[in-house]
Amino acid sequence: MRVYALIFLLLLTVACQPKPYGPVPTEAQLRWQQMEYNMFVHFGPNTFSGVEWGSGAEPEDLFNPTELDCRQWAATARNAGMKGIIVTAKHHDGFCLWPSQTSTHTVAQSSWRNGKGDVLKELSEACREYGLGFGVYLSPWDRNHPLYGTPAYNDSYVAALQEIHDGRYGPVFEHWFDGACGEGPTGKLQVYDWPTFFGTMRHLSPQTILFSDIGPDCRWVGNEQGRASETAWSRLDTEGFTPGAGAPPIDTLQRGNVHGTAWVPAETDVSIRPGWFWRESETAQLKSTEALFDIWLTSVGRNSVLLLNVPADTRGRIPSADSLRLMEFRALRERVFGNDLAKGARQRLRGNTLDIQLPEDRTFNLIELREDISLGQRIYSFQVETEEDGNWTVLAEGTTIGHKRMLPVPECSSSHLRVSITGAYAKPVLLNAALYRR
Ligand code: FUL
């Protein structure tokens with residue numbers, strides 16, 4: 001009898017387990033989403049010329065960092081609380097930061113370290129030492145390459161992918177495919193062979209997250225201001241679209257597609273400075289700690305991953321002003337997020353309601369909600385209320401939640417809250433909520 005009862009209970013538990021809804025993240029996508037915060041480093045000839053888009057005609061000797069120190073980048077990123085670094089291995093000017101056989105416009109042709117330098121080698125080793133993911137940005141648009149504008153250029157780009165991803169630099173957590181497609185040195189545009197680019201990557205390095213406007217693994221958030229949409233689906237319809245000019249409208253990239261057929265979460269790329277590349281003149285215009293915190297709320301706090309650009313300077317180091325700002329930003333996050341005011345609360349998920357009973361009145365102005373995205377993204381409408389003498393007052397309302405949703409609210413003191421899921425495509429799977437005071 002007891003055995004039957006046990007089997008029955010077991011079957012019941014299995015039957016009650018929520019089933020995945022729609023497309024779900026791969027293991028690699030889940031790991032990537034949990035990284036939450038990575039460093040982008042724009043570095044190359046533009047660092048020395050002060051322009052954003054080099055023409056490709058710059059002499060190789062222009063690239064001449066006096067004190068390149070990728071361990072300093074890695075130490076800065078780790079101390080900032082970041083989990084990985086993505087470097088511009090090649091920007092639109094075509095200069096390769098590694099001695100590539102696919103080009104004659106690389107570190108090998110420069111006099112930097114007598115042509116023996118390799119930024120990718122140095123950075124990948126530093127990332128390994130500091131326990132960070134190593135990632136690369138490799139611009140398909142190339143204003144230097146003589147083959148650009150012909151089908152043979154696609155082969156050359158594929159050969160560059162092979163060089164970077166053949167294992168010589170160790171695992172690469174993310175590869176950034178910029179969709180930009182301008183003219184090359186002969187005035188011609190290139191027709192990029194995206195299926196071959198993506199196919200090559202899947203073959204070489206199936207665990208690498210592939211970024212482009214439309215994925216396949218993560219997508220562009222649609223702006224460079226650090227703002228994901230309040231309604232942010234990790235689903236996207238990519239059929240018939242390409243990265244770059246063939247991408248869906250910006251609004252779609254920002255919001256995703258509610259019933260999209262692929263799991264393609266948004267990545268929010270934004271620079272700590274006005275430009276992507278370092279310029280002495282922009283040191284005074286670093287984003288403030290408060291502005292960075294707001295960006296955190298509208299990126300990580302809106303179901304996306306934050307890729308914050310912190311450009312290296314002409315020495316090849318992260319300038320101290322920028323690294324100081326990163327540390328202030330970390331200190332602010334620790335002050336706020338290090339004190340979860342929902343700690344010690346009794347949180348119970350009953351059907352569509354998460355009931356939060358605090359041990360006493362607590363004062364907060366920021367609510368954090370999370371959905372178990374391993375089962376897909378389900379919730380499309382919710383409400384947060386507080387209770388006082390049996391009366392409920394609505395504090396916040398929203399649409400999507402996803403991996404993390406942060407809701408700034410007017411400062412409020414309460415000991416009893418509830419999160420009501422007012423719309424979901426399948427049984428909602430909320431994780432514990434957190435409350436903070438900024
Ligand atoms: C854009 C590029 O044109 C910018 O220079 C920068 O690299 C940004 C991250 O992507 O498409």
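Buried means under 20% relative accessible area, exposed means over 50%, and partly exposed lies in between, with a 1.4 Å probe and protein chains only. The model is predicted: local features need pLDDT of at least 70, side-chain atom pairs count only at pLDDT 80 or more, and totals for chains, interfaces and linings use all residues. Residues are numbered from 1 along each chain as its sequence is written, and side-chain values use heavy atoms, with hydrogens and water left out.

**Exercise 1. Describe the ligand's surroundings.**

Step 1. List the shell. A residue is near a molecule if one of its heavy atoms lies within 4 Å of it. The residues around the ligand are Phe40, His42, Trp53, His91, His92, Tyr137, Trp176, Asp178, Glu224, Asp269 and Trp276.

Step 2. Sort the shell by class. Ala, Val, Leu, Ile, Met, Phe, Trp, Tyr, Cys and Pro count as nonpolar, Asp, Glu, Lys and Arg as charged, and the others, Gly among them, as polar. The shell holds five nonpolar, three polar and three charged residues.

Step 3. Find polar contacts (pairs of N or O atoms within 3.5 Å; within protein, one must be able to donate a hydrogen and the other to accept it, and residues adjacent in sequence count only if both atoms are side-chain atoms). A side-chain N or O atom of histidine 42 is 2.7 Å from a ligand oxygen. For histidine 92 the distance is 2.8 Å. Tyrosine 137 places a polar side-chain atom 3.3 Å from an oxygen of the ligand.

Step 4. Check the cover. The ligand taken alone exposes 290 Å², and the protein buries 89% of that. Such areas come from the Shrake-Rupley method with a 1.4 Å probe; for residues, only the protein chains shown count as cover.

**Exercise 2. Examine the salt bridges and the burial of their partners.**

Step 1. Fix the criterion: a side-chain nitrogen of Lys or Arg within 4 Å of a carboxyl oxygen of Asp or Glu. The whole structure has 22 salt bridges.

Step 2. Take the pair of glutamate 282 and arginine 279, 2.8 Å from N to O. Both residues are buried. Glu52 joins Arg279 and Glu282 in a network of salt bridges.

Step 3. Turn to arginine 438 and glutamate 290, whose closest N and O atoms are 2.7 Å apart. This pair links distant parts of the chain, 148 residues apart: arginine 438 is in the segment after strand 16 (434-436), glutamate 290 in helix 9 (residues 289-298). Helices (H or I, at least four residues) and strands (E, at least two) are DSSP runs, numbered from the N terminus. Arginine 438 is partly exposed at 33%. Glutamate 290 is partly exposed at 42%.

Step 4. Compare aspartate 355 and arginine 346, bridged at 3.7 Å from N to O. Aspartate 355 is buried at 19%, whereas arginine 346 is partly exposed at 39%.

**Exercise 3. How many residues of helix 9 are buried, and what covers them?**

Step 1. Count. Seven of the ten residues of helix 9 are buried, so the helix is largely enclosed by the rest of the structure.

Step 2. Name them: Thr289, Leu292, Phe293, Ile295, Trp296, Leu297 and Thr298.

Step 3. Identify the cover through contact (heavy atoms within 4.5 Å). The covering elements include strand 1 (37-41), strand 9 (266-271) and helix 10 (320-337).

**Exercise 4. Place serine 229.**

Step 1. Locate it. Serine 229 lies in the loop between strand 6 (218-220) and strand 7 (235-236). Serine 229 is buried at 14%.

Step 2. List its contacts. Leaving aside neighbours within four places in sequence, serine 229 touches Gln254, Arg255 and Arg302. A polar side-chain atom of serine 229 lies 2.8 Å from the backbone oxygen of threonine 231.
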